[in-house]
Amino acid sequence: MSAPDDPAPLDETFECTFEFQPGWIDLTLHDGTKSEAKALATEVVNRLNPLGLEIEKSAVFDDMVERAVDLNDDVPTLAAAYYSEAGEALANLTVDSYGDEGVPRPDAEEAVQLLLRWGNAEVTGTPGITHLELAAGPAVRIQAMLKVKRMFGFGRRLAEFVKYAVFPPGMESLVVVTVTWEKIALAEQITELADEAVRTMRVTPLPAEGASA
């Protein structure tokens, strides 16, 4: 529960768009319901090439529905996943914004500390940190391994992530893109896909009556 003197979250709306390469599927849900996820998955699965699939269409459908619901649980600005031609989901992508009324946006050093925090995991090893100039604004990129807590707290599994903290000009919010995956052997391929996608990202502030997309 928030303390009475906690600052209110920023009411700053913006449009976030990507020029996704084939394989990325936009899984953003506007209502966040399972029925909406099923409708989205049906449309996507019907467009798949059945000759390239190595798993049943029904399995791809079920994965896409569950993934869409999970990724939209915290109401991100945008959610997506990368699927191979075989129908296997390889990576998740979400876009969120952070900021409080009357609180200055964190600088790059402060953003790094924020990006290294995970609710259900801990960073292992030394993270790779780079500074970028993106079309959406200056950014800090962090890549590292994670030890993720398993359900009910039994053991941990390894995963990898890359996060981008973007500082869009003309905005007070910090925009964060998070890409996660568990197939560590595919790290090079997935980071290339993530970097390529983020280079195409555009963030456009909207009037107060607009809605983030």
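Reader: Which ring does the charged end of Lys-163 sit over, 4.1 Å from its centre?
Author: Bear in mind that this is a predicted model: local features need pLDDT of at least 70, side-chain atom pairs count only at pLDDT 80 or more, and totals for chains, interfaces and linings use all residues. Residues are numbered from 1 along each chain as its sequence is written, and side-chain values use heavy atoms, with hydrogens and water left out. A charge sits over a ring if NZ of Lys or CZ of Arg is within 6 Å of the ring centre and within 35 degrees of the ring normal. At 4.1 Å from the ring centre, the charged end of Lys-163 sits over Trp-118.

Reader: And how far is Lys-163 from the ring centre of Phe-161?
Author: Besides sitting over the ring of Trp-118, Lys-163 also lies over the face of Phe-161. The distance from the ring centre of Phe-161 is 6.0 Å.

Reader: Which residues do ring pairs link into a cluster?
Author: Rings of Phe, Tyr and Trp (its six-membered ring) pair if their centres lie within 6.5 Å, with planes under 30 degrees apart called stacked, over 60 edge-to-face and the rest tilted. The structure holds four aromatic pairs. Follow the ring pairs and you get a cluster of Phe-18, Phe-20, Trp-24 and Tyr-82.

Reader: Is Asn-92 buried or exposed?
Author: Asn-92 belongs to strand β4, residues 89–98 (helices, H or I, need at least four residues and strands, E, at least two, as DSSP runs numbered from the N terminus). Buried means under 20% relative accessible area, exposed over 50%, and partly exposed in between, with a 1.4 Å probe and protein chains only. Asn-92 comes in at 18%, so the verdict is buried.

Reader: Which side chain does the side chain of Asn-92 join in a polar contact of 2.9 Å?
Author: Contact means heavy atoms within 4.5 Å; leaving aside neighbours within four places in sequence, Asn-92 is in contact with residues including Leu-71, Ala-80 and Val-179. A polar contact is stricter: a pair of N or O atoms within 3.5 Å, where within protein one must be able to donate a hydrogen and the other to accept it, and residues adjacent in sequence count only if both atoms are side-chain atoms. At 2.9 Å, the partner of Asn-92 is Arg-67.

Reader: Within what arc do the buried residues of α2 fall?
Author: The 15 residues of α2 (57–71) should span 21 Å at 1.5 Å a residue (taken times one less than the number of residues), and the end C-alpha atoms are indeed 21 Å apart. Its buried residues are Val-60, Met-64, Val-65, Ala-68 and Leu-71. Seen down the axis, by the directions from the axis to the C-beta atoms, these residues line one face of the helix, since they fall within an arc of 145°.

Reader: What is exposed on the other side of α2?
Author: The buried residues of α2 are covered by elements including β2 (24–26), α1 (34–45), β3 (78–83) and β4. On the other side, the exposed residues are Glu-66 and Asp-70.

Reader: How about α1: what arc do its buried residues cover?
Author: The 12 residues of α1 should span 16 Å, which agrees with its end C-alpha atoms being 16 Å apart. Glu-36, Ala-37, Leu-40, Ala-41, Val-44 and Val-45 are buried there. These residues sit on the same side of α1, as the arc they cover is only 160°.

Reader: Which residue's side chain has a polar atom 3.2 Å from the backbone nitrogen of Glu-36?
Author: Look in the loop between β2 and α1. The residue there is partly exposed, at 32% relative accessibility. The polar side-chain atom 3.2 Å from the backbone nitrogen of Glu-36 belongs to Thr-33.

Reader: Which exposed residues does α4 carry on the face turned away from its buried side?
Author: Helix α4 (residues 187–199) should span 18 Å, and its end C-alpha atoms are 18 Å apart, which agrees. Among its buried residues are Ile-190, Leu-193 and Val-198. The face turned away from the buried side carries Glu-188 and Arg-199.

Reader: What phi does Val-75 have?
Author: Val-75 is in the loop between α2 and β3 and counts as exposed at 69% relative accessibility. Although Val-75 is not a glycine, its phi is positive, at about 55°.
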